[in-house]
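Colleague: I've got the model open and would like to talk through its cavities and its sheet. Shall we go through it together?

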Amino acid sequence: MLPRGSTIGILGGGQLGRMMATSAAQLGYKVIGYAPEGDNVGGAVSTGFVTAEWDDQAALAAFAERCDVVTWEFENVPVETARAIDQGKIYPDPLALETAQDRLAEKRFIEGLGGRPAAYAKVDSSHDLVAAVDRLGAPGILKTRRDGYDGKGQWRIGSGHEAEALNVPEVPCVYEGFVEFDAEFSIILVRNREGEIRFWDSTRNVHEGGILAASHFPAGEDIDAQVGEARELARKVADALKYVGVLTLEFFATREGPIFNEMAPRVHNSGHWTIEGAATSQFENHIRAGARLPLGDTRTTAAEVEMRNILGSDIESAGAKLSDARVHLHDYGKAEAKEGRKMGHFTQITLETRG
Ligand code: AMP
């Protein structure tokens, strides 16, 4: 067990780190964040924060020296940065980062474990894209293999003509056939060093413009019927990576069963509801797993939960929603309310079932 007063390092300075740091403080730990210059809102609730480039070896070594364990809150932390930290100190294993950072490697890994991603093809040129659309059909989505998030680095392709006309980016991509899904959901689990795994309930995730807009519990029968199979795959992924901490897999619920979309080797936006809606939140259990504390109960404690993201300038009027006593507000404290930027979220908790 990590003694109280120990220091947990977090690579990344966003809202996920901020919520992790809050849980770490509750458990009696100090937190030091590390990220390049930016609106590092994790720093506001941490004991310390190091602002340095990912490849600044001296800063990284000094940071690691001050920490008893290190984790990350941002999946695009360079693998070399994570590997530069003593492998006994960092969790999860950077192999999880490496796998999740490349959409192609990720899909192959999932297939190797018996999972089903959307039909896909590797695309490195305009010629590859035309051939991919020919083979897999349209509509589909061209995605950069690396660095995409919240719908960035994605182009919807409606037809072969559109594929021919598109200026394919000069970075490795994948083309995915469009999945006719009924709904979207995620599997969020926590695994400790002994291999014990706990799952949170799955929510119905609603995306708008490629960005998560809301998560609802209960998810609905169509999703609930597919959670078992999806959990089985998520368990295999976690075991194969000897994963420690919180892991997320996103799925499409389809008539053919759960189709794997992508994984995030970290706490996830679709799990923010667990702060008020579950016995133990994803943030607390991620810290517990790294600190070798027993894992907390992941059961849902409300009859209904809704998490809704607050984007851009909507944050300015968010406080007014608290007139509804069921609503909780999380303001990430970001300075610039740019359009489409995740500025905070609401969680609405209903304790009694209707009816
Ligand atoms: P991603 O960043 O890959 O998770 O994509 C963001 C969102 O775009 C997803 O949550 C879906 O709503 C949608 N999307 C991505 N890929 C596909 C696909 N192959 N078929 C249908 N919808 C997709």
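Colleague: Which helices and which strand each supply at least two residues of the lining of the largest cavity?

Modeller: Ground rules first: this is a predicted model, where local features need pLDDT of at least 70, side-chain atom pairs count only at pLDDT 80 or more, and totals for chains, interfaces and linings use all residues. Residues are numbered from 1 along each chain as its sequence is written, and side-chain values use heavy atoms, with hydrogens and water left out. The lining includes A100, Q101, R103, E106, E262 and M263 (a cavity is a set of points on a 1 Å grid over the protein atoms alone where a 1.4 Å probe fits but cannot get out, and lining residues have an atom within 4 Å of a point). With helices (H or I, at least four residues) and strands (E, at least two) taken as DSSP runs numbered from the N terminus, the suppliers are helix 4 (94–101), helix 5 (103–112) and strand 14 (257–264).

Colleague: How many charged residues are in that lining of the largest cavity?

Modeller: Charged covers Asp, Glu, Lys and Arg; Ala, Val, Leu, Ile, Met, Phe, Trp, Tyr, Cys and Pro are nonpolar, and the others, Gly among them, polar. R145, R146 and D147 are among the lining residues. Beside two nonpolar and three polar residues, the count of charged ones is seven.

Colleague: What is the volume of the second largest cavity?

Modeller: There are three cavities of 30 Å³ or more, and W200, D201 and W273 are among the residues lining the second largest. A volume is the space filled by probe spheres set on the points, with grid points joined across faces, edges and corners. The largest cavity comes to about 110 Å³; for the second largest it's about 40 Å³.

Colleague: On to the sheet: which are its edge strands?

Modeller: Four strands form an open, parallel sheet in the order 3-2-1-4, where pairing takes at least two DSSP bridges between two strands. Each edge strand pairs on one side only, and these are strand 3 (48–51) and strand 4 (69–72).

Colleague: What stands opposite L11 in strand 4?

Modeller: Strand 1 (residues 7–11) runs parallel to strand 4, joined by four bridges. The partner of L11 there is W72.

Colleague: How far apart are the C-alpha centres of domain 1 and domain 2?

Modeller: The bounds come from an automatic or database domain assignment. That gives domain 1 (7–90) and domain 2 (119–177), along with domain 3 (183–350). The C-alpha centres of domain 1 and domain 2 are separated by 34 Å.

Notes. 1 Å grid on protein atoms, 1.4 Å probe; cavity = no way out; pocket = protein on both sides within 12 Å on 5 of 7 lines; lining within 4 Å.
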